[in-house]
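Subject: Structure handover

Hello,

Here is the structure I promised to pass on. Please open it first, then read the notes below.

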Protein chains: 6
Amino acid sequence: MTDMPLAQLPRTMLEPVIRRALDEDLGLAGDVTSTAVIPKGHASEVVACARQSGRIAGLDCAELACTLVDPAIRVTRHVDDGDPVVSGTVIATFEGPSRSLLIAERTALNFMGHLSGIASVTADLVRRVEGTRAAIACTRKTTPGLRALEKYAVRAGGGMNHRYSLSDAVLIKDNHIAIAGGVGPALTRAKQAVGHMVKIEIEVDTLEQLAKVLKIGADAVLLDNMDPATLSDAVSMIDGQAIAEASGGITPDSVRAVAEAGVDLISMGWITHSAPCLDIGLDFVGKQG
Amino acid sequence: MTDMPLAQLPRTMLEPVIRRALDEDLGLAGDVTSTAVIPKGHASEVVACARQSGRIAGLDCAELACTLVDPAIRVTRHVDDGDPVVSGTVIATFEGPSRSLLIAERTALNFMGHLSGIASVTADLVRRVEGTRAAIACTRKTTPGLRALEKYAVRAGGGMNHRYSLSDAVLIKDNHIAIAGGVGPALTRAKQAVGHMVKIEIEVDTLEQLAKVLKIGADAVLLDNMDPATLSDAVSMIDGQAIAEASGGITPDSVRAVAEAGVDLISMGWITHSAPCLDIGLDFVGKQG
Amino acid sequence: MTDMPLAQLPRTMLEPVIRRALDEDLGLAGDVTSTAVIPKGHASEVVACARQSGRIAGLDCAELACTLVDPAIRVTRHVDDGDPVVSGTVIATFEGPSRSLLIAERTALNFMGHLSGIASVTADLVRRVEGTRAAIACTRKTTPGLRALEKYAVRAGGGMNHRYSLSDAVLIKDNHIAIAGGVGPALTRAKQAVGHMVKIEIEVDTLEQLAKVLKIGADAVLLDNMDPATLSDAVSMIDGQAIAEASGGITPDSVRAVAEAGVDLISMGWITHSAPCLDIGLDFVGKQG
Amino acid sequence: MTDMPLAQLPRTMLEPVIRRALDEDLGLAGDVTSTAVIPKGHASEVVACARQSGRIAGLDCAELACTLVDPAIRVTRHVDDGDPVVSGTVIATFEGPSRSLLIAERTALNFMGHLSGIASVTADLVRRVEGTRAAIACTRKTTPGLRALEKYAVRAGGGMNHRYSLSDAVLIKDNHIAIAGGVGPALTRAKQAVGHMVKIEIEVDTLEQLAKVLKIGADAVLLDNMDPATLSDAVSMIDGQAIAEASGGITPDSVRAVAEAGVDLISMGWITHSAPCLDIGLDFVGKQG
Amino acid sequence: MTDMPLAQLPRTMLEPVIRRALDEDLGLAGDVTSTAVIPKGHASEVVACARQSGRIAGLDCAELACTLVDPAIRVTRHVDDGDPVVSGTVIATFEGPSRSLLIAERTALNFMGHLSGIASVTADLVRRVEGTRAAIACTRKTTPGLRALEKYAVRAGGGMNHRYSLSDAVLIKDNHIAIAGGVGPALTRAKQAVGHMVKIEIEVDTLEQLAKVLKIGADAVLLDNMDPATLSDAVSMIDGQAIAEASGGITPDSVRAVAEAGVDLISMGWITHSAPCLDIGLDFVGKQG
Amino acid sequence: MTDMPLAQLPRTMLEPVIRRALDEDLGLAGDVTSTAVIPKGHASEVVACARQSGRIAGLDCAELACTLVDPAIRVTRHVDDGDPVVSGTVIATFEGPSRSLLIAERTALNFMGHLSGIASVTADLVRRVEGTRAAIACTRKTTPGLRALEKYAVRAGGGMNHRYSLSDAVLIKDNHIAIAGGVGPALTRAKQAVGHMVKIEIEVDTLEQLAKVLKIGADAVLLDNMDPATLSDAVSMIDGQAIAEASGGITPDSVRAVAEAGVDLISMGWITHSAPCLDIGLDFVGKQG
């Protein structure tokens, strides 16, 4: 299935996040090392290189980190967000005052490494379920302060975004059900409460709960922690009446079996909260000009 | 060796970070699910439970996420930041209005899971080097916007913090050396430039570079990507004239050998940028009162 | 039809908006009049009274404006957000230091008047369409900086919220259609691009366009600027295959006829961007205590 | 009488307000519709057109909304803030990437519509009192967060600004008088308290109060809720000793009679808090170039 | 002459300024010294003592610095803002956790010292002109970011505030006159441009300029850099038709002569931008309880 | 001894501080005077001139204040930060729209005057200790909100920065010692608590305390309020085992004697908190072009 084409987030969404990261790294005195060691007028050309295979995300962040430090830095991209790289791929070239490049370096790499890490694990999962109807999705289990960027990185990896926030849709989970007194009352109350424009999804742990849900009706069902066989039965029961989403404890090793059970969506918190950084380094190419 | 006792970060440092995370999660309408499903006056008691072994960090963040959403939430801690937990350990109890608890839940867990993940990998590394003189340290390779919290999580895991920002100390790395024209000129320029209160550390890749550094003098030497045998030679050469720090590609499997080479400090970027989340869940205990 | 129960927005969503409003009103010297005229220890009891009929929204904002100025102010509510009032209804009582009450007064009233104005016109429209299947909805035509609060006020008036932001759903409008080269290409591209969890709505001006849309399929159709007879034909054509939304130039006088054409949703930008303030005043009741 | 020439507010005053409005509208994913429907490299030319008669304000805001989204958007103005328009007048042309134009569109129009609405009702009132000595003024009854912009819009409509904030001048109102124990004590206390550089205005409801005020002296008198005949008597009594300001329940229909009573200033809260939006639309002109 | 009674600035005006100051001082790790040296549960009582004579301002800031760090700190004031102190006067007592007190100490003292320094030089000048009609005023020459607080400190010292910002009033200075082509054109243009509610002040360097100004009329005249004899002639010429303000190079030694020339207002930039800090220290009294 | 070469702080560190200062000065209406008096298209050339001798700091701030108000302003520098000036030295030329120049003027001068004042007193002290081994340093006694800029100004004057924040290093002061129960326990606890990368400094009042400190060992000793003879004895006792810092009551008159006692560092709070502004004015040169 096809996902949404990858669009850059407008600069106005990125700028405050990047300014905060630069603030953290500059402290109160700025870069004491470069000031001491690098001659004032010195200019350089550096390249960002992948040190392992993966999928790139965060080029806009890296470029903005550089130009917020010094508008004189010029960035040339050799790949785009969403593109695959292998170890050694030159991602982008940065030219400008050496001191400014050294100030921006760590912040630019921290963004690119973090977001490319997420894009890379997502792309790997998307590849693993190729040929099935299942899309790979992230959750609200994101790193505090980076949700918009991490959701973007998932899209860059070919994944799909679930709810962005608590505002987006009704998602009735185990604790809601417990408080409401069961799947039935929870779902009925939600359907009475919200209008026809709000989607309702409900989490079920068993096929018995699923049967109750299907009798009342819901837009989507989150099939929580089911094994592939049970998932397959669930998909049969649902039979197109709702979107079937699998979640809970799914790993790269198990994702194919889950997808082959016929679900529409496989969501995993770990692709945002636990994806390791993609290893990207900045190499000094030579004195500019 | 003993590390700094773990001190809470003052609330004024945590508040803006947590408010941003809540903003992200609340969107423009707040929690549409709880509004629809949970009766207005309903109160609950929920517990945060570890679902795997590790080291806890982020309790202040979790508590503040709750009380910023609703000051009526009361939090009782059963462990402190820095304490070890096993799967099943009850970390804290949260009592208050059910809607408010469900609003704060994800943000509280996102902080606790992320920071406990960092504390846990740090604690594991500290345990692995027990009995050697080596301390475990993090770097500036942190998740954008979370540096103060991630550095704190490293301390909660028994680790030590290196530079907080570019302001803190001189750290002359490969690119600085390349631009300055070698280890000698770089170090000499730094020593001339900064006063006696600023520490100078320099990265070396070979024992030849190390010899040059030791002739000029530096407070600390970062021994980059050396195997344990070379590290051991380097430590002998340094012979207490500078702090010996090992860095570059060190993993849980190799850390013991690195430590036994006699270095003072082992720094790893991945303990902040790639530590997986510690799995912590919130369980509904019952209607309050 | 029933709408979502009205939930308070968490304090963390309101606080920055109210702080900005207080900043505007305090200038650099604070309240020079009260300082000059009101004795320092003087305390008062004031009541907020409706000076015309309507629906109340914004009590949390008013209360927070007071307590941010001075935590010593105590607020007692006599009605809740969403309640109807007539001229003379006492909405809330505010007790505390007179200087503080006079500082907070205008900001509290500006919020309550603005939001109650929106709730009131919404409630009037909801009453006018009573007995039909149509819900009253607002749009993204909101006052800059106040979207979450204005959407909330619409809910307080018994209305329903459409998209909160450009992130929420696909809404293909006339300019998109023009650029994409017609309803067909625009809709097809959207369906290919987005996954099954994203709703797609498309604007149509004519029944011919509607026919094309229905052949391709969409979750909702925005019937733009159609007269009741055409709307009725459109509803027949749609026949439950999509949500039917009427929009464009609808007024209190015409809203009943539009609703009786059978649409599901009637959206109007003016209920947020042009609703007049509800007239609410603060009356001094007497010296406190 | 002549008002202050209309000056643009410096960009530094507008930027935070516009960034907040863009944030609201972009959500966490940006514009999902344009991403899905509009080809990446597509460029357009769109024009902002008045759909009704009025007075324009907010062109700087609209332009800044566009260029903050994408610096590649070029704006050409065909009228200036403060200029009259009729239905069909082309206000400005916007050229640039189609996706960026569609992202900025709603925010740009929300600002222009809101501010032009205020400028338009102000200009209408100014025209109605032409030939009298009365100026039209706004109050502190503004929309929270937009005071500087709304005051500017009043100036664009030919009106005059009263107090900007509580810091600006002493304005003794009914509640102050009640607490202070009458017009006399309130005014005396104010005159003793403030130096010669602070203007003092006091609200009076009756000619008896006015007489007391004039005996003590004040820079301006706010004649509250008086009919034209009483206003005329008040103006005679004041006889140039103070600025005479009429306020309270004044409408477009009554404003001429109030002005002809000879007052210097007519202030109305509704021109900022209840002015309907001016209807302005963006029309797609064609593919750029 | 009597000045405005001193009113506390509302907490909402102080909080952002104090949070920024705490942020600066806490860095990314908080207080490493207290963490290392002070036992966790230790509580203390400390007193703020004047180490020289002066006038106090900034107690609210000091208290808020403490309670933002730790709400458990209790503050008891022994003097109020605006009160005189001598060396040894105990200003306030702070009780609470020792670590928190040591974290807040420097920020609290930095505010109190800076603002009391301004209040003290102001009070000294006010005393020097006692018995004359002259009030002491500050200007817009304030320390960036602290204008509201510095203006408040001037009031605490018995002084008066001139314009708070460029918005407040027309003040035509030498550069405006030069560009406008002389005192006449500048003043005439201002009078035509602004309404009757805006005060107009104009700077004059000579009695010739003053004569031109008086012919046209202005609310206030700034007599720039005139010696006492010329000032006296100027006051005679003005003869109550405008407020007479002296400015330019006035020192504690010359202020009395300037005041005796009969001016209404003496304004000095240095009382805000160059007042030395008042020396206040925090003394440890003993273990609490 | 040589200090760190003076490096500009990156723009991203300056921008928020300068925006806040402009906000303060613009109020809600912007510059009413220039709007009224200066013709719209008028352009000027103005020069910033020193009106007394000193050392310049803050040119980046002044330039940014101008370009944030209006990007059309062009700035040409005739001296750099850190350069000496005498009365009459032309520091920089500013060309652009006259209204914009007049709006930015005060903010630009407030920054330049404040920071140059600090640089100037620092440079004077540096000159006074020339030929000794002592460096001049500032403390954490800075003006709230301006620490990074004031520390930079000290560097511009040839001075050296001590701790930037509480995070930077351990500095055990009198209150810590009192609570810890003496120099011995305080220092021992600190040495046990912190790792080898954190510097420890301790304050001593007497040679007896110093002896205890030297027995335990510390990186630096702050010799508080000692006369030159005692300082000299202290330096002999320290004998290169720690950095010797003198502090407490040191003035321009006494600084030479302190330096000649042989200390490494002389720190004074007053060079940041009580340095008078350097007098710099803006002069109108002529109509541009």
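I start with the contact between chain D and chain C, which takes 60 residues from chain D and 60 residues from chain C. Please keep in mind that this is a predicted model.

**Chain D and chain C**

Together, chain D and chain C bury about 5100 Å². Carbon and sulfur atoms account for 60% of that area. Three residues stand out on the chain D side: D:Pro144, D:Leu166 and D:Ile179. They supply 14% of the area that chain D buries against chain C, more than any other three residues.

What about charges? The rule finds four salt bridges across the interface of chain D and chain C. One of them joins the side chains of D:Asp25 and C:Arg147, at 2.5 Å from N to O. There are also 34 residue pairs in polar contact across this interface, both residues at pLDDT 80 or more.

Which elements of chain D each supply at least two residues of the side that touches chain C? There are helices and strands in the list:

- Helices H1 (11-26), H2 (32-37), H4 (98-128), H6 (174-180) and H7 (183-193) of chain D.
- Strands S8 (170-172) and S13 (280-287) of chain D.

H4(D) gives the largest share of this side, eight residues. By class, the side of chain D that touches chain C holds 31 nonpolar, 18 polar and 11 charged residues.

**Chain E and chain F**

Next comes the contact of chain E with chain F. It takes 60 residues from chain E and 61 residues from chain F. The two chains bury about 5100 Å² between them, with 60% of it on carbon and sulfur atoms.

Four salt bridges are counted between chain E and chain F. Among them is the one between E:Asp25 and F:Arg140, whose closest N and O atoms are 2.7 Å apart. Polar contacts across this interface come to 34 residue pairs, both residues at pLDDT 80 or more.

On the chain E side, these elements each supply at least two residues that touch chain F:

- Helices H1 (11-26), H2 (32-37), H4 (98-128), H6 (174-180) and H7 (183-193) of chain E.
- Strands S7 (170-172) and S12 (280-287) of chain E.

H4(E) gives the most to this side, with eight residues. The side of chain E that touches chain F is made up of 31 nonpolar, 18 polar and 11 charged residues.

**Inside chain A**

Now to the domains. Chain A is divided into domain 1 (11-126 + 275-287) and domain 2 (131-273). Their C-alpha centres lie 35 Å apart. The contact takes 22 residues from domain 1 of chain A and 21 residues from domain 2 of chain A.

The area buried between the two domains of chain A is about 1500 Å². Carbon and sulfur atoms give 73% of it. A:Ile118, A:Thr122 and A:Leu125 supply 35% of the area that domain 1 buries against domain 2, more than any other three residues.

How many salt bridges does the rule find across the interface of domain 1 and domain 2 of chain A? Zero. The count of polar contacts between these domains is four residue pairs, both residues at pLDDT 80 or more.

Helix H1 (11-26) and helix H4 (98-128) of chain A each supply at least two residues of the domain 1 side. H4(A) provides the largest share of that side, 11 residues. By class, the domain 1 side has 15 nonpolar, four polar and three charged residues.

Best wishes

How values were computed: Residues are numbered from 1 along each chain as its sequence is written. Chains are lettered from A and ligands numbered from 1 in the order in which they are written. This is a predicted model: local features need pLDDT of at least 70, side-chain atom pairs count only at pLDDT 80 or more; totals for chains, interfaces and linings use all residues. Side-chain values use heavy atoms; hydrogens and water are left out. Contact means heavy atoms within 4.5 Å. Buried area is the accessible area (1.4 Å probe) that two parts lose on being put together, summed over both. A polar contact is a pair of N or O atoms within 3.5 Å; within protein, one must be able to donate a hydrogen and the other to accept it, and residues adjacent in sequence count only if both atoms are side-chain atoms. Helices (H or I, at least four residues) and strands (E, at least two) are DSSP runs, numbered from the N terminus. Ala, Val, Leu, Ile, Met, Phe, Trp, Tyr, Cys and Pro count as nonpolar, Asp, Glu, Lys and Arg as charged, and the others, Gly among them, as polar. Domain bounds come from an automatic or database domain assignment.
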